[in-house]
Amino acid sequence: MASGVMVSDVVVEIFNAMKVRKSCTSEEAKKRLKAVIFCLSPDKKTIIPEEGKQILVGDCGEKIGDPYKYFVEMLPCDDCRYALYDCCYETKETRKEDLVFFFWAPDEAPLKSKMIYASSKDAIKKKFAGCKHEVQVNNRADIRDRCTLAEKLGGNTVTSVEGIPL
C-alpha cells in the first residue's frame, strides 16, 4: 500500500552524489558523504534529509572513529528512519564499497510511525535505482551486530566491515 508520501529532490541528489564514485583529490574525497539519515517532514508528506544527521568521509578516523558505530548511534531509539550508508567491506577475494539502504523501524517506535514509514518505503527505494543492498532492522542489537550487515552484503564471504574483522 502506498502512503502518498513524496520524496524530496534533495534526497535524490544526495543518492546520486553518493552513488557516483569519480576520481578526485583526497580533499574532495573527504567531502563525500559516508552516511545520511532521512526522515519524514513535519507535515508527514515528504521524505527529506534529517538535519545534522550525516557523516562525511573526512569525518571518519580520528574525528569520529568507527563510522558504522557512529552511524548506528545517530538513529533515534523511538522512531523510524531511512538511511544510506556507503559501506567499505572485504570479502575473501577483494575489497568492496557499496551503498546500503537501511529501513530502521525500532520496536519502540509508535505504530503510526511504523505504518507510514513502511508504506512509504517503496517510494524512496524507487528513487535509489542501482542500490544493491537493503537492510531492515528493528532493534539496536541487530543493527550494532556487523554480522547482520555482512549477511546482506555477501554472507560468509565477508571477512570485515569498515576494517573491523567479523
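I began with the surroundings of Arg81 in this predicted model. Leaving aside residues up to four places away in sequence, I found that Arg81 touches Ile37, Phe38, Cys39, Glu50, Leu75, Pro76, Phe102, Phe103, Trp104 and Tyr117. I placed Arg81 in strand S4. Is Arg81 buried or exposed? Its relative accessibility is 10%, so I entered Arg81 as buried, the cut-off for that class being under 20%. I then looked for a polar partner and noted Glu50, whose side chain is joined to that of Arg81 by a polar contact of 2.7 Å.

Next, the aromatic rings. I counted 10 aromatic pairs. One of them is Phe38 with Phe128, at 6.1 Å centre to centre and with 50 degrees between the planes, which I logged as tilted. Where do the two rings sit in the chain? I traced Phe38 to strand S2, residues 33–40, and Phe128 to the loop between helix H4 (111–127) and strand S6 (133–137). The two are 90 residues apart, and I noted that the pair links distant parts of the chain. I checked burial for both: Phe38 has a relative accessible area of 0% and is buried, and Phe128 is buried with 2%.

I then turned to Tyr68 and Tyr85, a pair I recorded as edge-to-face, with centres 5.5 Å apart and planes at 80 degrees. Tyr68 belongs to helix H3 (residues 67–74) and Tyr85 to strand S4 (residues 81–91), so I noted a tie between parts 17 residues apart in sequence. For accessibility I wrote down 2% for Tyr68, which counts as buried, and 0% for Tyr85, also buried.

I also looked up how the rings group. One aromatic cluster is formed by Phe15, Phe38, Tyr82, Phe101, Phe103, Tyr117 and Phe128. Going back to my entry on Arg81, I saw that its contacts include Phe38, Phe103 and Tyr117, and I found these three names among the members of that cluster. Phe38 and Phe128, the tilted pair, are also listed in the cluster.

My last entry concerns Gly163. I located Gly163 in the loop between strand S7 (158–161) and strand S8 (164–165). Is this glycine, Gly163, buried or exposed? I read a relative accessibility of 59%, so Gly163 goes down as exposed, the class that requires over 50%. I then compared its position with that of Tyr89: the two are 74 residues apart in sequence, and their C-alpha atoms are 6.9 Å apart in space.

Key: Residues numbered from 1 in each chain as written. Predicted model: local features only at pLDDT ≥ 70, side-chain atom pairs only at ≥ 80, totals over all residues. Heavy atoms only, no water. Phe/Tyr/Trp six-rings, centres within 6.5 Å; stacked < 30°, edge-to-face > 60°. Helix = DSSP H or I, 4+ residues; strand = E, 2+ residues; numbered from the N terminus. Buried < 20%, exposed > 50% of the residue type's maximum accessible area, 1.4 Å probe, protein only. Polar contact = N/O pair within 3.5 Å; in protein donor to acceptor, adjacent residues only side chain to side chain. Contact = heavy atoms within 4.5 Å.
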